[in-house]
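Subject: Structure handover

Hi,

Here is the structure I promised to pass on. Have a look at it first, and then read on for what turned up when I went through it.

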Amino acid sequence: MPHFEVATLDGSRVRYADAIWQRRNLLLVLLPETASPGAQRYLDGLRAASGELAALRTTLVLAAEAVGRLRPPAVIVADEWGEIAHVEAPAEGGVASLSPPEELLSWVRYLSTRCPECEGEVH
């Protein structure tokens with residue numbers, strides 16, 4: 001996972017290298033818009049998962065701007081070492097084209113079952 005700095009939807013700034021890398025898993029969600037009812041439902045679903053994400057040592061970063069060449073809408077799930085487990089960047093369709101929050105949570109759960117000493121084997 002390349003290092004990045006991004007403004008979150010709540011107006012704070014997150015530097016991947018300082019706050020997440022080598023400390024926590026990452027769920028990065030880039031949204032093209034947040035005002036529509038569909039986008040609000042999507043955000044509500046992600047925020048409802050915040051407790052489980054925290055228990056799985058995962059930081060949820062919600063942003064509306066590009067990260068490197070990755071443009072909204074997009075999702076990245078990466079482990080604490082920056083290894084990307086899942087990425088999606090649909091060419092069209094907006095928020096509705098992204099995997100539902102529960103599916104993204106499944107990817108994070110998967111990260112918690114991997115054995116770091118076994119090169120990604122699941123236990």
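Before anything else, a word on terms: helices here are DSSP runs of H or I with at least four residues, and they are numbered from the N terminus. Keep in mind that this is a predicted model.

With that in hand, start at helix α4, which covers residues 101–113. W107 and Y110 sit three residues apart in that helix, so about one helical turn separates them. I'll come back to their rings in a moment.

**The overall picture**

The protein chain has four helices and six strands. Going along the sequence, they come in the order β-β-α-β-α-α-β-β-β-α. For 123 residues, a compact globule would be expected to have a radius of gyration near 14 Å, and the chain comes out at 14 Å, so the two agree. Along the principal axes, the C-alpha atoms fill a box of roughly 45 × 25 × 25 Å.

As for burial, 40% of the 123 residues count as buried. The accessible surface adds up to about 6600 Å², and carbon and sulfur atoms own 52% of that. On the charge side, there are 11 positive and 17 negative side chains, with the centres of the two sets 5 Å apart. And if you take the contacts with a separation of 6 or more, 62% of them are between residues 24 or more positions apart.

**Aromatic pairs**

A pair of aromatic rings is described by the distance of the centres and the angle of the planes. How many such pairs does a search of the whole structure find? It finds two.

One is F4 with Y16: the ring centres are 5.3 Å apart and the planes are at 15°, so this pair is stacked, the cut-off being under 30 degrees. It links distant parts of the chain, with F4 in the segment before β1 (5–7) and Y16 in helix α1, 12 residues apart. Both F4 and Y16 are buried.

The other is the pair from helix α4, W107 and Y110, which is edge-to-face, with 6.0 Å centre to centre and 85° between the planes. W107 has 26% relative accessibility, so it counts as partly exposed. Y110 is partly exposed as well, at 29%.

**Backbone oddities**

Most residues other than glycine have a negative phi, and most peptide bonds are trans. A few places here go the other way, so they may be of interest if you look at the backbone angles.

- Q22 is not a glycine, yet it has a positive phi of about 65°. It is found in the loop between α1 (16–19) and β3 (25–30), and its relative accessibility of 40% makes it partly exposed.
- R57, also not a glycine, has a positive phi of about 55°. Its place is the loop between α3 (50–55) and β4, and at 38% relative accessibility R57 counts as partly exposed.
- The peptide bond from P72 to P73 is cis, with omega near 0°. P73 lies in the loop between β4 (58–63) and β5 (74–78).

**Two strand residues and what they touch**

What is L60 in contact with, leaving aside its neighbours within four places in sequence? The list is L27, V29, L46 and L53. L60 itself is in strand β4, and its relative accessibility of 24% puts it in the partly exposed class. One of those contacts, V29, is 31 residues away along the chain, while the C-alpha atoms of V29 and L60 are separated by 7.6 Å.

R13 is in strand β2, which runs over residues 13–15. It counts as partly exposed, at 48% relative accessibility. With neighbours within four places in sequence left out, R13 is in contact with E5, V6, A7 and E65. R13 and A63 are 50 residues apart in sequence, and their C-alpha atoms are 9.7 Å apart in space.

That's the lot from my side. It's all yours now.

Cheers

Technical notes:
Residues numbered from 1 in each chain as written. Predicted model: local features only at pLDDT ≥ 70, side-chain atom pairs only at ≥ 80, totals over all residues. Heavy atoms only, no water. Helix = DSSP H or I, 4+ residues; strand = E, 2+ residues; numbered from the N terminus. Buried < 20%, exposed > 50% of the residue type's maximum accessible area, 1.4 Å probe, protein only. Phe/Tyr/Trp six-rings, centres within 6.5 Å; stacked < 30°, edge-to-face > 60°. Rg over C-alpha atoms; globule rule 2.2 N^0.38 Å. Contact = heavy atoms within 4.5 Å. Areas by Shrake-Rupley, 256 points an atom, 1.4 Å probe, with all protein chains shown as cover. Lys, Arg positive; Asp, Glu negative; His and termini not counted. Charge placed at Lys NZ, Arg CZ, Asp CG, Glu CD.
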